[in-house]
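User: I am new to this model and would like to understand the reasoning behind the words used to describe how its helices pack. Could you take me through it step by step?

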Amino acid sequence: MANCESPVALNGTQISYIAHDCKDIPDFLGDTYGHFARRLDLSFNQLRSLAGLGMFTELEELVVDNNLLGNDLRLPGLPNLHTLTLNKNNLTDIEALLEHLADVTPSLRYLSLLGNEACPNQLVSPDKDEDDYQRYRYFVLHKLPNLKFLDTRKVTRKETMEAQARGAFMKVVKPKSDTPPKEAGFESRPLPYTPLPRGSRDAKNHKGVFAKCRYVYYGKHSEGNRFIQNDQL
């Protein structure tokens, strides 16, 4: 385990543990904060597993962007979790992920998977178009019908109806790749993915997910996570 600095806890229930190059969630995080943490940000680490989340029984928001999480991702039962962002990981099997989330996160309303091969978005997959992305949205909403917000867009009533009618037939095919999995180490990795406009990428002001709250984090890196404006909610 990497030698990681202490996290910054804000308002007692909002914990950040960003850019400590950790491959596993340190035990002290759960022991110290797990019983009362409501929001946890583990972005910009080298996590391949979230096994250490078992102590976070009251968690409502989880941010694990820019890690190395793959198709073997497993979450503990998190009955109160309503917000989950998994941007820029190694996820390719969308169906297995969604079925797992349906089992362990029954309260999930906000989900973002941008920057993964499982999400056919033109920002990271130039060979995909808007039709591919829309079919992906229908399939996700078919599997998780209670979602209110997916990636950068609010779920519309039309999408919900279409997902109910045809979502089961919109399964996204797992892409094939001839390249080996990403290795740990930030030196050889591309710049972190973000869907935010350039003016919102202030490295010293890491704001909350989906514009619901504001948080400030301290670490070697910090990244905006606010996808929409308040007047769009």
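Analyst: Let us begin with the terms for angles: an angle between axes of 65 to 115 degrees counts as roughly perpendicular, whereas one under 35 degrees counts as roughly parallel. Please keep in mind throughout that this is a predicted model.

User: Why are H3 and H4 called roughly perpendicular to each other?

Analyst: Helix H3 and helix H4 (residues 157-166) pack at an angle of about 75°, and their axes are 8 Å apart. Set against the range of 65 to 115 degrees, that angle qualifies, and H3 and H4 are therefore roughly perpendicular to each other.

User: Which residues meet where H3 packs on H4, and how do they divide into nonpolar, polar and charged?

Analyst: From H3 come Gln134, Arg137, Tyr138, Leu141 and His142, which meet Glu159, Glu162 and Ala163 of H4. The residues of this contact between H3 and H4 divide into 3 nonpolar, 2 polar and 3 charged.

User: What makes H2 and H3 roughly parallel?

Analyst: Helix H2 (residues 94-104) packs with helix H3 (residues 130-143) at an angle of about 30°, their axes lying 9 Å apart. The cut-off for roughly parallel is under 35 degrees, and H2 and H3 are therefore described as roughly parallel to each other. As for handedness, H2 passes H3 in a right-handed crossing. On the H2 side the contact is made by Ile94, Glu95, Leu98, Glu99 and Ala102, and on the H3 side by Tyr136, Phe139, Val140 and Lys143. Sorted by character, the residues of the contact of H2 with H3 comprise 6 nonpolar, no polar and 3 charged.

User: How do you know that the buried residues of H2 line one face of the helix?

Analyst: A residue is called buried when its relative accessible area is under 20%, and in H2 the residues that meet this are Ile94, Leu97, Leu98, His100, Leu101 and Val104. Seen down the axis of H2, these buried residues fall within an arc of 160°, so they line one face of the helix.

User: What covers the buried residues of H2?

Analyst: The cover includes strand S5 (83-85), strand S6 (110-112) and H3.

User: Where do these helices belong in the chain as a whole, and how many helices and strands are there?

Analyst: The chain has 4 helices and 8 strands, and from the N terminus on its elements run β-β-α-β-β-β-α-β-α-β-β-α. Of its 233 residues, 48% count as buried. Among contacts between residues at least 6 apart in sequence, 53% join residues at least 24 apart.

Notes: Residues numbered from 1 in each chain as written. Predicted model: local features only at pLDDT ≥ 70, side-chain atom pairs only at ≥ 80, totals over all residues. Heavy atoms only, no water. Axes fitted to C-alpha atoms, helices over the stretch in contact; angles between N-to-C directions. Helix = DSSP H or I, 4+ residues; strand = E, 2+ residues; numbered from the N terminus. Parallel < 35°, antiparallel > 145°, perpendicular 65-115°, else oblique. Left-handed = near helix turned anticlockwise from the far one by under 90°. Contact = heavy atoms within 4.5 Å. Nonpolar A, V, L, I, M, F, W, Y, C, P; charged D, E, K, R; others polar. Buried < 20%, exposed > 50% of the residue type's maximum accessible area, 1.4 Å probe, protein only. Arc of directions from axis to C-beta.
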